[in-house]
Amino acid sequence: MNNSIEKLRSLVEKRAKSVLTQTHIPRLDILRVCEPTELFPEIYQPLISLILQGSKRIVIGDQVVNYQAGQSFVTSVELPVIGEVVESSPTTPYLALRLSLDRALVTEMLCKVDNPLSMSETRGFCIDRVSDDLADAWYRMVRLTDHPEDIALIAPLIEREILYRMLRGPQGAVLRQIAGIDDRFFQIRSAITWIRKNYATAFRVEELAATVNMSPSAFHRRFKATVRLSPLQYQKQIRLYEARRMLFTEPGGVTAVALSVGYESLSQFSREYSRLFGAPPARDIRTLRQDALGGQPTEFNEPATFN
């Protein structure tokens, strides 16, 4: 690990209070995990994640991605992933910074970059090592947490520097996709946005391709290249993630939730839910609630079909 990353790691470790520490800097969080975790499904919003200690493995569609201390991960789209912290312990916890991306700010910075990069990158995510100059900008950003009176004025300036350096580096091709100036990527982003808003609605790939002015074959190929999932696979994962969120946070049973996210067959819902989350809906939610309550048993009444 180079000196710049080590210096940043030491600074972050002193400020990491729990698994998730929300800083006073807009959209900047600190993550701290003290032991390896099991595979956990979630949806990444457009973000930059920088690991400072430990390592992580994430599954994106049909691709397994490993990244470790000194590397950053950036995604330009809403990305269903299954992730696990691989290297971590109480004495050397997993430490990471996470910055949610502001599309307007990325677009502003892109307009100021003199040498725009190639638009050949089709994936919606990328991993690369962090340069010393970039690590130094992150260090100055985190150090602002000691001076809250300076955050409103200085944090936006440092964030622009971080984006500028990334746009000029190997991850710039992915980061620039957020601005939507590449028509090819804009078409895929439009389709992703439609699926996210209408995840419970059945659709034909040919019809969705037509709405974004692409042939079905080109649309399918570029969509899968971007998120490593076909359009229908993407919709299915969004449905199941939303179903899990609803079961955990809202009143109502498995049957009602399955129907609300677009499933007509309850057995199919249970089967696909179990395949993704490792347990049938009722059992999975009971486990999640017990974990949230520190292991205390909870009530979750559902038809025997889903137990």
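Over how many bridges do strand β7 and β10 pair, and in which sense? Select residues 71-75, which form β7: this strand and β10 pair in the antiparallel sense over five bridges. Two strands count as paired if DSSP finds at least two bridges between them. Helices (H or I, at least four residues) and strands (E, at least two) are DSSP runs, numbered from the N terminus. Within this pair, pick Q71; its bridge partner in β10 is R129.

This is a predicted model, in which local features need pLDDT of at least 70 and side-chain atom pairs count only at pLDDT 80 or more, while totals for chains, interfaces and linings use all residues. Residues are numbered from 1 along each chain as its sequence is written, and side-chain values use heavy atoms, with hydrogens and water left out.

**The whole chain**

Display the full protein chain, which has 12 helices and 10 strands. Its radius of gyration, taken over C-alpha atoms, is 21 Å. The globule rule (2.2 Å times the number of residues to the power 0.38) gives 19 Å for 307 residues, and the two values are close, so the chain is as compact as a globular protein of that length. The C-alpha trace spans about 55 × 50 × 35 Å along its principal axes. Of the 307 residues, 50% count as buried, where buried means under 20% relative accessible area, exposed over 50%, and partly exposed in between (1.4 Å probe, protein chains only).

**The six-stranded sheet**

Next, extend the selection from β7 and β10 to their sheet. It is an open sheet of six strands in the order β1-β2-β9-β4-β7-β10, with antiparallel pairing. β1 (20-22) and β10 (125-129) stand at the edges with a single partner strand each, so one side of each is left without a neighbour in the sheet. On average, neighbouring strands of this sheet are turned by 20° against each other, direction ignored.

Now select β9, residues 94-100. Five of its seven residues are buried, so β9 is largely enclosed by the rest of the structure. Six bridges link β9 to β2 in the antiparallel sense, and L28 has L99 as its bridge partner there. β4 and β9 also run antiparallel and are joined by six bridges; here, I51 has A96 as its bridge partner.

Add helix α1 (residues 3-13), which lies across β2 (28-33), β4 (47-53) and β9, running at about 95° to β4. Axes are lines fitted to C-alpha atoms, for helices over the stretch in contact, and angles run from 0 to 180 degrees between N-to-C directions. Contact means heavy atoms within 4.5 Å.

At the loop between β1 and β2, stop at R27. This residue has a positive phi of about 70° although it is not a glycine, and it is partly exposed, with a relative accessible area of 31%.

**Strand β8 and its partners**

Move to β8 (residues 79-87), where seven of the nine residues are buried. Strand β3 (residues 40-44) pairs with β8 in the antiparallel sense over five bridges. Strand β5 (residues 55-60) also runs antiparallel to β8 and is joined to it by five bridges. Select G83 in β8: F40 stands opposite this glycine, and I58 stands opposite it as well.

**The nonpolar cores**

Which residues touch the most other members of the largest nonpolar core? Show F73, L79, F219, F223 and F269, which do so within a core of 52 residues. Helix α9 (residues 231-249) gives the most to this core, with seven residues. Apart from it lies another core, of 42 residues, among them L105, L110, I158 and I178. A nonpolar core is a set of buried Ala, Val, Leu, Ile, Met, Phe, Trp, Tyr and Cys residues joined through side-chain atoms within 4.5 Å.

Centre the view on L79. Leaving aside neighbours within four places in sequence, L79 is in contact with E42, I43, Y44, I60, F73, F125 and V227.

**Helix α9 and the loop before it**

Finish with A243 in helix α9, which counts as buried at 0% relative accessibility. Not counting residues up to four places away in sequence, A243 touches V257, V261 and F269. In the loop between α8 (216-227) and α9, select R228. R228 has a positive phi of about 65° although it is not a glycine, and at 24% relative accessibility it counts as partly exposed.
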